[in-house]
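Trainee: I am new to this structure and would like a close look at a single part of it. Could you take me through one helix contact carefully, and then show me what lies around it?

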Amino acid sequence: MSTSNRFHFLDSLRGFAIAGILLVNAADLMCLGHDVPVRPFQTIPLAENVLNFLVATRFVPIFSFMFGMSMGFVIDSAVRRGEAGWKILLRRLAALLVIGLLHSILYPGEILRDYAVVGAILLPFVLKVPRSVRLVLGLLATVGAYAFTGGGELSLPGLFLLGSAAQAYGLPARLEHADRRIGAATLVFAAASAAAIPWQAAEGGDPRFFTAGGVAGGLMACLYVCLLALLWRTPVRRALSAGFEPLGRMALTCYVTASFVMVPAGVLLDSRSTQDVIPGLIVAAAVLPLQWAFCRLWLSRFAYGPLEWVWRCITWWRWIPLQRPQSKRLDPVSSAPTTTDGIA
């Protein structure tokens, strides 16, 4: 994939997902309500309801699906370079596991370890199994995971396989240039989401912990992707790219560094003794623009984010230049180098 063929929509979609994930993770990072006794049948505040119905369980599936895509991109890149795809991808996953283990010291609930382990288990499938078989297996595994557990960690194998199959079938290019088929899919997922929301509402509570919430979240995740792809074909594209692409290109850095702000903030605000989600959302809402400004500034001088660069060097087991050429420092987005780094 040359620089001119870079899928900027995927970068923006990854940034969109990482922003949503931070809003969801804020409560866990800040240990919200850990010291508050559980009171059944209590009224759920408006802010928490907004999170439950628009954010929670809606963004991690996007990220997981894109991680499967990234596995396909790395293998294709290894083949073009004449290198063994299994060795490159296994080293990439091993590096991600180490990053995840280190990050878990600060945030025990982090998911990078699971991504690395599940990715390694699925490596033979991604390398050797035809894309049509991966698509069928991915669909079956994903539907099964959502039907029995509402998604969660058990959905990772299916979503990884679906992502790798979608990459092989050329979905990234189709999303970059959304057509009527994306429009039709939008209508289907909108109707399915509308049907699932009342089911989630009947169950109540945090959607991450029951089937209805997970199913509604998975359907809305698909809807979000389709809607963004359609908006990408309009003048709104410039705003989406400016707002989310810097975050997406440094998603791994943003994901990890957010913990160094959110965890201490939880201690300072004594979040363990309250169940109010608003302080955590305020902190997250402050972190995101700061990360955006940092990413924008960093990418104006460097080709990759700090952790993305380390990850890339380990993946290819060679020193990769970090600093951008002087001639490409004016626009860090349009002159982005070809890369699949950024977790997904």
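Mentor: Let us begin with the contact between α1 and α11, keeping in mind that this is a predicted model. On the α1 side, the residues taking part are His 8, Asp 11, Ser 12, Arg 14, Gly 15, Phe 16, Ile 18 and Ala 19, and in α11 they meet Leu 240, Ser 241, Phe 244, Glu 245, Leu 247, Gly 248 and Arg 249. Sorted by character, the residues of this contact comprise 6 nonpolar, 5 polar and 4 charged.

Two packed helices are described by the angle between their axes and the distance between the axes. Here the axes of α1 and α11 are 6 Å apart, and the helices pack at an angle of about 80°. Because angles of 65 to 115 degrees count as roughly perpendicular, α1 and α11 are described as roughly perpendicular to each other.

Helix α1, which spans residues 8–29, also supplies the largest share of the largest nonpolar core, namely 12 residues. That core holds 86 residues, of which Phe 9, Leu 10, Leu 13, Leu 22, Ile 62 and Met 262 touch the most other members. If we follow Phe 9 and set aside residues up to four places away in sequence, we find that Phe 9 touches Leu 175, Glu 176, Val 225, Leu 228, Ala 229 and Trp 232.

Helix α11, for its part, leads us on to α14, since the buried residues of α14 pack against α11 (237–249) as well as against α3 (60–80), α4 (85–106) and α12 (251–268). Within α14, which covers residues 306–316, the buried residues are Glu 308, Trp 309, Trp 311, Arg 312, Cys 313, Thr 315 and Trp 316. Just after α14 comes Trp 317, whose phi is positive, at about 55°.

Two loops next to these partners of α14 deserve a look as well. Thr 57 sits in the loop between α2 (46–54) and α3, and although Thr 57 is not a glycine, its phi is positive, near 65°. Thr 57 counts as buried because its relative accessibility is 15%, where the cut-off for buried is under 20%. Asp 270 lies in the loop between α12 and α13 (278–299), and Asp 270, likewise a residue other than glycine, has a positive phi near 50°. With a relative accessible area of 44%, Asp 270 is partly exposed.

Technical notes: Residues numbered from 1 in each chain as written. Predicted model: local features only at pLDDT ≥ 70, side-chain atom pairs only at ≥ 80, totals over all residues. Heavy atoms only, no water. Core = buried A, V, L, I, M, F, W, Y, C linked by side-chain atoms within 4.5 Å. Buried < 20%, exposed > 50% of the residue type's maximum accessible area, 1.4 Å probe, protein only. Helix = DSSP H or I, 4+ residues; strand = E, 2+ residues; numbered from the N terminus. Contact = heavy atoms within 4.5 Å. Axes fitted to C-alpha atoms, helices over the stretch in contact; angles between N-to-C directions. Parallel < 35°, antiparallel > 145°, perpendicular 65-115°, else oblique. Nonpolar A, V, L, I, M, F, W, Y, C, P; charged D, E, K, R; others polar.
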